[in-house]
Amino acid sequence: MLLEAASATDARTVEQLAADLDEPPQAVTRAAFELEDAGLLAVEERGEETVTLTEEGREYVESGLPERRLYDAAVEAGADESPVPLGELLGDAGLDGPTVDVALANFARKGFGEIDAGSVTVAETPRVDPADDPEAGALAAVEAGETDSIDGSTLDRLEDRGLVRRASRTVRSVTVTDEGVTALMEGIETAETVTGLTPDLLTSGEWRDVEFTEYNVEADAETTYGGRKHVLRQTADRVKDVLVGMGFSEMEGPHADAEFWINDCLFMPQDHPARTHWDQFGLDVPPMRELPEELVERVRSAHREGVGEDGDGYHSPWTEDVAREVDLRGHTTSLSMRYLSGNAVGDLEPPQRYFSVEKVYRNDTLDPTHLLEFFQIEGWVMAEELSVRDLMGTFTEFYEQFGITDLEFKPHYNPYTEPSFELFGTHPETGEMVEIGNSGIFREEVLRPLGVECDVMAWGLALERLLMLMYGFEDIRDVHGTLCDLDLLRTTEAVY
Ligand code: PHE
């Protein structure tokens, strides 16, 4: 049938043939490839671009581009003579909400005029002729389906503005070959082939006699997107696997916790800027009632009187009321305190290794490397004798698993560790050094009250920063939160 519907002189597209034959285009494509294999048809493929209007684009085809509306309203109001306050023009121009910004940005870009101190002046000779604006013309052409006439840069601009959508597809056209013509004239036998085995074929026994269509593994197939793990979750799971492989056990505990576990156990003085430095989110809830009394007393004493013979403590106020206030944890070191104190899984004898990969919350300012919540890879090792070399060695071993081999360490200060180190890695795209974690060896003032008599080295690493180094992301918001692009999630390869 296809052979008969196709022509030896005019190339006809699969779509046209499918319509003529009243068959689905996929079936026609399949048949065309089979006939091509048999030498009876020639199939030619070319890429074709389709351009369609977005909803916003369609709106502007109807009502005019916002910058043009602003221009017209301004001219109407005499802004070619003297400046007119923008506020007086918006109503006439039919602009509100986000279209105001669209209008202003493009009004300036096209040199329609100037906006100064909230007033609009219209240019004597605008750079782009408002009455003959290529962008407006192109939008109308897209609407009319005449996209060939539009020049590339105008189309790019419309795409950047989100007014048109471009997609490419493969168009196949078919012509009958000389051999095909001969075969048609001699009369060919058409064999019906069966594409799928059905229960009917099986029960009737017909399956024995029919001819099955061969698979064409080269045919285009529609891309299907199954469900998959978010890259961030995928990496979190891998981090857990790696740490378990290194002999660590997982900690868990509350996201909202007493300041006692978040700050006081960590020898952070109650009036110290470090506490506001963490900028934790305080919660308007009743204070934490259950705190281990003896530990509270030992922590208080460490703050007030110090630890050990030479210890002096901070000469600053310390109250249980502050310690009982509940915050969203600004770090998961609160979990380490709960575990080291013996309050989570009972007293621990060295050697021990624990970790968590959990959310923390900080009142930071949003920017490409900061979010209000992120995942921290917390961890600690408890052993009789630990040194900075153990700390560095652990990081080297851990990050190697993720292909990061250029770690750098920088001396740092934490109220709870001495010595302390920040960790840095190099961003694969920008080449910049990115801070990826903070670490150190817990001080006596932290360990003694907890009842720990050996050494403990510890760290908090940022999961999102690890992702940046692994995948080259430059903005944390690409992988976190509502701005995260679906396409990126679908296409990001798993890195192992
Ligand atoms: N709590 C630190 C942070 O959030 C990380 C850290 C944990 C540092 C344990 C040293 C020891 O930056």
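In which hand, left or right, does H5 pass H6 in its crossing? Here are a few notes on that and on the small sheet further along; please keep in mind that this is a predicted model.

1. The crossing of H5 and H6 is right-handed. Helix H5 covers residues 66-76 and helix H6 covers residues 86-93, and their axes come within 9 Å of each other. The crossing angle is roughly 115°; angles from 65 to 115 degrees count as roughly perpendicular, and the two helices are therefore roughly perpendicular to each other.

2. If you would like to look at this contact residue by residue, H5 brings Arg69, Leu70, Ala73 and Ala74. On the other side, H6 contributes Leu86, Leu89, Asp92 and Ala93. Sorted by class, the contact between H5 and H6 holds six nonpolar residues and two charged ones, with no polar residues.

3. Now to the sheet. It is open and has three strands, in the order S3-S5-S4, with antiparallel pairing. Strand S3 (84-85) and strand S4 (113-116) are the edge strands; each has a single partner strand, so one side of each has no neighbour in the sheet.

4. The link between S3 and S5 is worth a look on your screen. S5 spans residues 119-122, and two bridges join S3 to S5, the two strands running antiparallel. One pair to find is valine 84, whose bridge partner in S5 is valine 120.

5. Finally, a helix meets this sheet: H7 (residues 98-109) lies across S4 and S5. Relative to S4, H7 runs at about 125°.

Note on methods
Residues numbered from 1 in each chain as written. Predicted model: local features only at pLDDT ≥ 70, side-chain atom pairs only at ≥ 80, totals over all residues. Heavy atoms only, no water. Axes fitted to C-alpha atoms, helices over the stretch in contact; angles between N-to-C directions. Helix = DSSP H or I, 4+ residues; strand = E, 2+ residues; numbered from the N terminus. Parallel < 35°, antiparallel > 145°, perpendicular 65-115°, else oblique. Left-handed = near helix turned anticlockwise from the far one by under 90°. Contact = heavy atoms within 4.5 Å. Nonpolar A, V, L, I, M, F, W, Y, C, P; charged D, E, K, R; others polar. Pairing = 2+ DSSP bridges.
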